[in-house]
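Here's a quick briefing on the model you have open. Take a look at the fold first, then we'll walk through the points worth checking.

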Amino acid sequence: MAMPAATAILPGEGRAIRVRGLVQGVGFRPTVWRLARDCGLAGEVWNDAEGVMIRAWGRPADLDRFLRRLEDQPPPLARIDAVEWALSADSPTDGGFHIVSSRAGEVHTAIGPDAATCPACLGETLDPSDRRYRYPFTNCTHCGPRLSIVRAVPYDRCNTSMAAFPLCPACREEYGDPEDRRFHAQPTACPSCGPHAWLERFVDGRTEPQRFTECDAVEAARALLLGGSVVAIKGLGGFNLACDACNEDAVARLRRRKRRYAKPFALMARDVVVIRRYCAVNSQEEALLKSAATPIVILPAIGPDRVAEAVAPDYATLGFMLPYTPLHHLLLRDIDRAIVMTSGNLSQEPQCTGNEEARRRLSEIADYGLFHNRDIVNRLDDSVVRVMLGKPRLVRRGRGYAPAPVRLGTGFEHAGPLLAFGGELKSAFCLLQDGQAIISQHIGDLEDAVTLADYQKALSLYLALYDQVPEAIAVDMHPDYLSSKLGRERAMADGCRIEEVQHHHAHIASCLAENAIPLDTRPVLGVALDGLGLGPDGTLWGGEFLLADYKTFERVGCFPPVAMPGGAQAVRQPWRNAFAHLEAAIGWERCKREHAGLELVRYLDSKPLGTLAAMIRKGINSPRSSSCGRLFDAVAAAVGLCRDAVSYEGEAAIALESIADARALALEDDGYPILLRIQPPASGGLATMDFSPLWRAILEDLEGHRPAAVMAARFHRGLVRAIVEMVRHIFERENRRRENRKLERMVALSGGSFQNRLLLEGLSHTLEGLGLTVLTHSQVPTNDGGLAFGQAAIAAARSMESRHRPRGKVTSCA
């Protein structure tokens, strides 16, 4: 639609202006139109596949002023990555400034993340005199669905699930008025023309529609929650399961039906005032809660009130979010307590998105369902954030953050189109082109068939949305990862090159890339701590010290490899790791002889240890691993946490962090002793650690009946000290070796173990005290959710290098 501005054609010059970034679906064109009018310019603006294109004519000083204001005053949800302009020899058609129709082309622009309800839309929803009063789907260009409803680019209504709802005359007038904040707001609607909500009752696997008006349906759902019912609620990116978080019976019933027996539930509250009844909230955390992304924020569970114990059993933190749609605001506006708002699925399955799917999969879990008829095209889990070291750290990247692009450092600008498939757990994939990465939303663990199908669906959608045909595909070097198998199959089918990337190299590259470290950087010391990843030597790694750049790496240190008796069973049953570590560090027979009275020893002795010892001795289903995650499992089991089994990845490590005594952490005590061990040069000179003193000290503390909380604190302090000593040793040794080409005074920390606040903060503070720059993750998860980003950066670096040398067989780096 063209909207002429009342300006005259002025003498001067013309400029063709290209704006790149998050500039579609966020009110960018009307902002350009308004600023151009204010600056007295003629011309036009339109969306295309590269972003926003502007042609403007006027006096040079006015054009300069326009460009400054454009960069200083973008719409709230916009993110400008680049503004480029060149002189134009064309002439304007008239003296006005026009907004013209979108144009197609090769896709280089970004689709914005879904955004929480803005204050203006919330005000209208709660205003009895407004035509959108109590309407659950009020939105504008500053808020509402984006990725969750889009099918193709450009981001226009016809390419979204809102195409099913033709605009009424009143909404069409707003949609066509560039002075209205709903100008070209693709999801805009009202009660007359938009989606609507209704309530259904689940009975014996079938549903019964409840006869309420839309407004009354939301009111009824509120009453049902307060009455102890479990209600399935359709949100932006999927269904949630909700109940009263203070009702022990309701929470326990939800746990039992959902088959989620230990992992904490997410919570939602009306406002920060309610959250502060349960948690301490600082100003940074409050800003996150109120941001357009409205993630789940992990907060210290310090407050005058308590939620039901079953919400987060034995945890020192709670995950809270605020309402992010008008439906949620209407639902919670008269509820002055916390509400469980967990994903709508059986444990380990992806979140339900479709109405029929929810009726089929959630009818045995929920008592009622609050449905609506706006289709969710793309599944989006709620994002999870934790503030550590004074910065927000993404634990799960989903609604509100995906698919916002992440720009890489200097040198990646001309990287060809690449696709990275990520890992097996916490899976996400990554598209990379033109110096920026599009990381998918969190999809889940690919061991589940439904999740694997969802991964493939999302991948096809992203490739279509961004019109990308990859020149190379990056996968983890583990041959059995389902993501790697999919990547190899696609590479073979499409005839493109395949890059195998070592797991921990990808972690370090992800950290480097997020911190915009240039492509040509010298090797940096990276510390990668996580559960498991296959090393080039065929063993399982997980406690690694690597000298790495974007192309290659050298393993210069690691945790000592310890057997995992039973293989995957050792991941699920921490007691196996406790036995294996004791056997490796002290010897089980000696341990039994010297500590026969310990409850831990009696417990382990009741297990089939003879069989496990024989498996370890003969190398039968007992792979050796340098895993940091398995060390945490072993220590947790030793002090009595999650000893028998864990129900989700990282549970034992989280429990160990959660109980650590703050007073013990503050003591000058260095914690449990861990010694450095250096292999002789003939064996490679690899630096490793000796855990024997650690386990002797743990057994002594158990003999002395020291509290588990103090032991957890001593373990964290001792591990931090040992890692710092390892880093110090590697720097000294490598700088002696290199003489004239010393290492950068920089350390990159990555891997799932750095979700542990005590480990991340303790290590960062100590290393910075040694004068080192510490690189960490913030906008990309440090866990395997960031793996694809690192794979893509490595594949891009290798691909660009290969353009300047003859091509040969691509192999994994060692």
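In which loop is the place of Cys642? Cys642 sits in the loop between helix H19 (628-639) and helix H20 (651-659). Keep in mind that this is a predicted model. Below is a tour that goes from the whole chain down to single residues.

**Overall build**

- The chain carries 25 helices and 31 strands.
- For 814 residues, a compact globule would come out with a radius of gyration near 28 Å, and the chain has 28 Å, so the two agree.
- If you want a bounding box, the C-alpha atoms fill roughly 95 × 70 × 50 Å along the principal axes.
- Take the contacts between residues at least 6 apart in sequence: 74% of them join residues at least 24 apart.

**Surface and charge**

- Of the 814 residues, 62% count as buried.
- The chain exposes about 30,200 Å², and carbon and sulfur atoms supply 51% of that area.
- There are 96 positive and 98 negative charges, and their mean positions lie 2 Å apart.

**Cysteines**

- A search of the whole structure turns up zero disulfides.
- Cys352 is in no disulfide, and the nearest cysteine sulfur, that of Cys243, is 17 Å away.
- Cys352 counts as buried because its relative accessibility is 0%.
- Cys558 has no bonding partner either: the closest cysteine sulfur, in Cys628, is 12 Å from its own, which is too far for a bond.
- With 3% relative accessibility, Cys558 also counts as buried.

**Backbone oddities**

- Some background before the cases: most residues other than glycine have a negative phi, and most peptide bonds are trans.
- The peptide bond from Ala402 to Pro403 is cis, with omega near 5 degrees.
- Pro403 belongs to the loop between strand E16 (391-396) and strand E17 (406-407).
- Gln348 is not a glycine, yet its phi is positive, near 80 degrees.
- You'll find Gln348 in the loop between strand E13 (339-343) and helix H10 (355-362), and its relative accessible area of 47% makes it partly exposed.
- Back to Cys642: this residue has a positive phi of about 50 degrees, although it is not a glycine.

**Val307 and its surroundings**

- Val307 is in the loop between strand E11 (296-300) and strand E12 (317-321).
- Despite that loop position, Val307 is buried, with a relative accessible area of 15%; the cut-off for buried is under 20%.
- Setting aside neighbours within four places in sequence, Val307 is in contact with Ala245, Cys246, Leu267, Tyr278, Leu318 and Ala338.
- For a sense of distance, Val307 and Gly771 are 464 residues apart in sequence and 43 Å apart in space, C-alpha to C-alpha.

**Leu759 and its surroundings**

- Leu759 is part of helix H24 (residues 757-769).
- Its relative accessible area is 0%, so Leu759 is buried.
- Beyond the neighbours within four places in sequence, Leu759 is in contact with Leu529, Phe632, His716, Leu719, Val720, Ile723, Ser753 and Phe754.
- C-alpha to C-alpha, Leu759 and Leu519 are 29 Å apart in space, with their positions 240 residues apart in sequence.

**Leu425 and its surroundings**

- Leu425 lies in the loop between strand E18 (418-420) and strand E19 (430-433).
- Is Leu425 buried or partly exposed? At 22% relative accessibility, Leu425 counts as partly exposed, since buried means under 20%.
- Not counting residues up to four places away in sequence, Leu425 touches Gly444, Asp445, Glu447, Glu649 and Asp784.
- Leu425 and Ala793 are 368 residues apart in sequence and 20 Å apart in space, going by their C-alpha atoms.

Notes: Residues numbered from 1 in each chain as written. Predicted model: local features only at pLDDT ≥ 70, side-chain atom pairs only at ≥ 80, totals over all residues. Heavy atoms only, no water. Helix = DSSP H or I, 4+ residues; strand = E, 2+ residues; numbered from the N terminus. Rg over C-alpha atoms; globule rule 2.2 N^0.38 Å. Buried < 20%, exposed > 50% of the residue type's maximum accessible area, 1.4 Å probe, protein only. Contact = heavy atoms within 4.5 Å. Areas by Shrake-Rupley, 256 points an atom, 1.4 Å probe, with all protein chains shown as cover. Lys, Arg positive; Asp, Glu negative; His and termini not counted. Charge placed at Lys NZ, Arg CZ, Asp CG, Glu CD. Disulfide = S-S within 2.5 Å.
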